[in-house]
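Pull up the model and have a look around with me. We'll begin at one small contact and work outwards from there.

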Amino acid sequence: MAGSSHGHTPAAWTGVIIAFIGFCVAGAFMVMNQPAGFWAGIALTLLGGVVGGIMRMMGLGQPKEHHQPHQTTGDREPAGAQG
């Protein structure tokens with residue numbers, strides 16, 4: 001995925017960071033047996049996806065025309081077959 005710059009955008013980074021913080025909050029409150037804090041963390045995790053999607057629609061994500069189709073093993077030429 002590194003060859004296609006997958007996820008290397010402000011929208012992706014922001015969404016993942018917010019979701020990670022929400023996951024950590026939910027986990028901490030789950031251990032502390034505090035249901036309200038747990039659900040707040042779950043809401044924050046979902047908010048990360050929403051924020052990332054909104055940022056992508058605002059043009060801060062990777063444009064669709066830049067996505068390269070991934071090459072599978074069957075698509076490659078065998079080694080030494082240079083025609």
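**Starting from a threonine**

Let's start with Thr 9, whose side chain reaches the backbone nitrogen of Ala 12 at 3.2 Å. Bear in mind as we go that this is a predicted model. Thr 9 sits in the segment before α1. Is Thr 9 buried or exposed? Its relative accessibility is 12%, and the cut-off for buried is under 20%, so Thr 9 counts as buried.

Which residues does Thr 9 touch once you set aside its neighbours within four places in sequence? The answer is Leu 60, Gly 61 and Gln 62. One of these, Leu 60, is also where α2 (35-60) ends. You can also compare Thr 9 with Gly 52: the two are 43 residues apart in sequence, and their C-alpha atoms are 9.8 Å apart in space.

Now zoom out for a moment. The protein has two helices and zero strands. Of its 83 residues, 16% count as buried. The accessible surface comes to about 6,600 Å², and carbon and sulfur atoms own 67% of that. As for how the chain meets itself, take the contacts with a separation of 6 or more: 61% of them are between residues 24 or more positions apart.

Back to the helix that follows Thr 9. α1 runs over residues 10-31. With 22 residues, α1 reaches 32 Å from its first C-alpha to its last, close to the 32 Å expected at 1.5 Å a residue. Which residues of α1 are buried? They are Ala 11, Gly 15, Gly 22 and Ala 26. Look down the axis of α1 and you'll see why they belong together: its buried residues fall within an arc of 40°, so they line one face of the helix. And what covers them? Part of the answer is α2, which is included in the cover over the buried residues of α1.

Spin α1 around and you get to the face turned away from its buried side. The exposed residues carried there are Trp 13, Val 16, Phe 20 and Val 31.

Where does the chain go after α1? It comes to Asn 33, in the loop between α1 and α2. Asn 33 has a positive phi, near 60°, even though this residue is not a glycine. Asn 33 also counts as exposed, because its relative accessibility is 63% and exposed means over 50%.

Past that loop, α2 takes over, covering residues 35-60. While you're in this part of the chain, check the rings. How many aromatic pairs does a search of the whole structure find? It finds one. The partners are Phe 38 and Trp 39, arranged edge-to-face, with 4.9 Å centre to centre and 75° between the planes. The two rings' residues get separate labels for exposure. Phe 38 has a relative accessible area of 21%, so Phe 38 is partly exposed. Trp 39, with a relative accessible area of 56%, is exposed.

Notes:
Residues numbered from 1 in each chain as written. Predicted model: local features only at pLDDT ≥ 70, side-chain atom pairs only at ≥ 80, totals over all residues. Heavy atoms only, no water. Helix = DSSP H or I, 4+ residues; strand = E, 2+ residues; numbered from the N terminus. Buried < 20%, exposed > 50% of the residue type's maximum accessible area, 1.4 Å probe, protein only. Expected span 1.5 Å × (residues − 1). Arc of directions from axis to C-beta. Contact = heavy atoms within 4.5 Å. Phe/Tyr/Trp six-rings, centres within 6.5 Å; stacked < 30°, edge-to-face > 60°. Polar contact = N/O pair within 3.5 Å; in protein donor to acceptor, adjacent residues only side chain to side chain. Areas by Shrake-Rupley, 256 points an atom, 1.4 Å probe, with all protein chains shown as cover.
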